[in-house]
Amino acid sequence: MPKELIRLVDCTMAFDGEIVLNAINLTIHDKEFLTLLGPSGCGKTTTLRLIGGFETPTSGGIFFDGARINDVPPHKRRVNTVFQKYALFPHLNVFENVAFGLRIAKIPDGGGKKSRLPEGEIEERVQGALELVGLKGYHRRRVHQLSGGQQQRVAIARAIVNRPQVLLLDEPLGALDLKLRKEMQHELKEIQRQVGITFVYVTHDQEEALTMSDTVVVMNHGNIQQIGTPVDIYNEPVNAFVADFIGESNIIQGVMHKDYSVSFAGRLFECVDSGFDPNQPVDVVVRPEDVRMTPPDGGQLRGTVNSVTFKGVFYEIFIDVGEIEWMVHSTSAPKIGDEVGLLLTPEDIHVMDRPDLFPEGAEALTLEDVDPEPEFEDGGGDGEDGEEA
Ligand SMILES: Nc1ncnc2c1ncn2[C@@H]1O[C@H](COP(=O)(O)OP(=O)(O)OP(=O)(O)O)[C@@H](O)[C@H]1O
Ligand SMILES: [Mg+2]
């Protein structure tokens, strides 16, 4: 692992006495692509603004290369930011938009004074940055003569041209359509590899986070839920919130009887988990793609198909098993009303500690019960940070 670059230590941020970041701890390494992922209002932008120096934490420390930088202003941090709205200068052409930061920068000239960058070097750096983002030959264009994707590239060129050590990107692809967004995801990742700088990336799109990042930080309500590689986060979510946010999941309440033995949905299942207390209440998470449909008596569970939707590359099927509705992803489509069996192997069953937010003694949770969306919409999803497109 490369060396540590940024560290947030017990960082709390409160606005008008209301805590929006709750003592978060986070380490960011040199050249890492780290993504803050979470629902609207969970504190992603606030975390980025703390790192960028646009906010000072209410308590806790921010360290850069080991030095505390709580009171260092933004322009003195080796950090640049790309926002969702690119804020290019409409009266300047592409070249001048990218060159802007270089023209105002003053560099030490060795003799104790500061001077401007020579024009030749500005030219070289701007052309280099434009080439990197695939805009070679576009330097004379006006901003209004560019597509949304091209404007986004100009914004990125402008942010990397003065060679920051860290680039902060706040939903930079949010305004682009899906196809362009996918292309740019790939290109951004490529740019990051080529220039070898640290990216701290914000998104609420789990697929984007999983495909682009070295490290994903899942946040909820101002708390970090889990930090890990995309594979870890997907395969070993630490709780039902992460499991549900990171991919669709069946989340069922169960009881861990003893090591490797869990009961849920009225049956005892073999599993691969151990280390829980005897008879500890747990959440059982099963991915929809891991549930196999069989003839009615071919699985451990038996249910009735209540909906089938084609999703492009698979069918999403809901099956009623007693009180619980199971979601299954399959390449074959049963008919509504069909009786089917559901087969789970021990590896498909993920047993997790149950956080306190679930009601005691409830028999089963449906996806609706754990769907966090409505809460967040009330809490903070009203676009108050002005970044919604
Ligand atoms: N300057 C501010 N004054 C008061 N409250 C603020 C301020 N900035 C952010 N908040 C609050 O802090 C919480 C976290 O906001 P933040 O912008 O960090 O969320 P986010 O995760 O970036 O959400 P989104 O995905 O909608 O951009 C929200 O409840 C928001 O209302
Ligand atoms: Mg935000």
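**Close-up 1. The buried residues of helix H3 pack against two other helices, H2 (94-104) and H4 (148-160).** This is a predicted model. The residues of H3 that count as buried are Val126, Ala129 and Leu130. Look down the axis of H3 and these buried residues fall within an arc of 100°, so they line one face of the helix.

**Close-up 2. Turn to the other side of H3 and you meet its exposed residues Gly120, Glu121, Glu124 and Glu131.** Helix H3 itself runs over residues 119-132. With 14 residues at 1.5 Å a residue, H3 should span 20 Å, and its end C-alpha atoms are indeed 20 Å apart, so the expectation and the model agree. Just after the helix, look for Gly134: H3 is followed by this glycine, and its phi is positive, near 75°.

**Close-up 3. Here we visit Leu5, a residue of strand S1 (residues 4-15).** Is Leu5 buried or exposed? Leu5 counts as buried because it has 20 C-beta neighbours inside 10 Å, and a residue needs 20 or more to be called buried.

**Close-up 4. Leu5 has contacts from well beyond its neighbours within four places in sequence.** Setting those neighbours aside, Leu5 is in contact with Ile28, His29 and Asp30, with Phe64 and Asp65, and also with Val166 and Thr198. For a sense of distance, try Thr27: Leu5 and Thr27 are 22 residues apart in sequence, while their C-alpha atoms are 7.6 Å apart in space.

Conventions. Residues numbered from 1 in each chain as written. Chains lettered and ligands numbered in written order. Predicted model: local features only at pLDDT ≥ 70, side-chain atom pairs only at ≥ 80, totals over all residues. Helix = DSSP H or I, 4+ residues; strand = E, 2+ residues; numbered from the N terminus. Expected span 1.5 Å × (residues − 1). Buried ≥ 20, exposed ≤ 12 C-beta atoms within 10 Å, placed from the backbone. Arc of directions from axis to C-beta. Contact = placed C-beta atoms within 7 Å.
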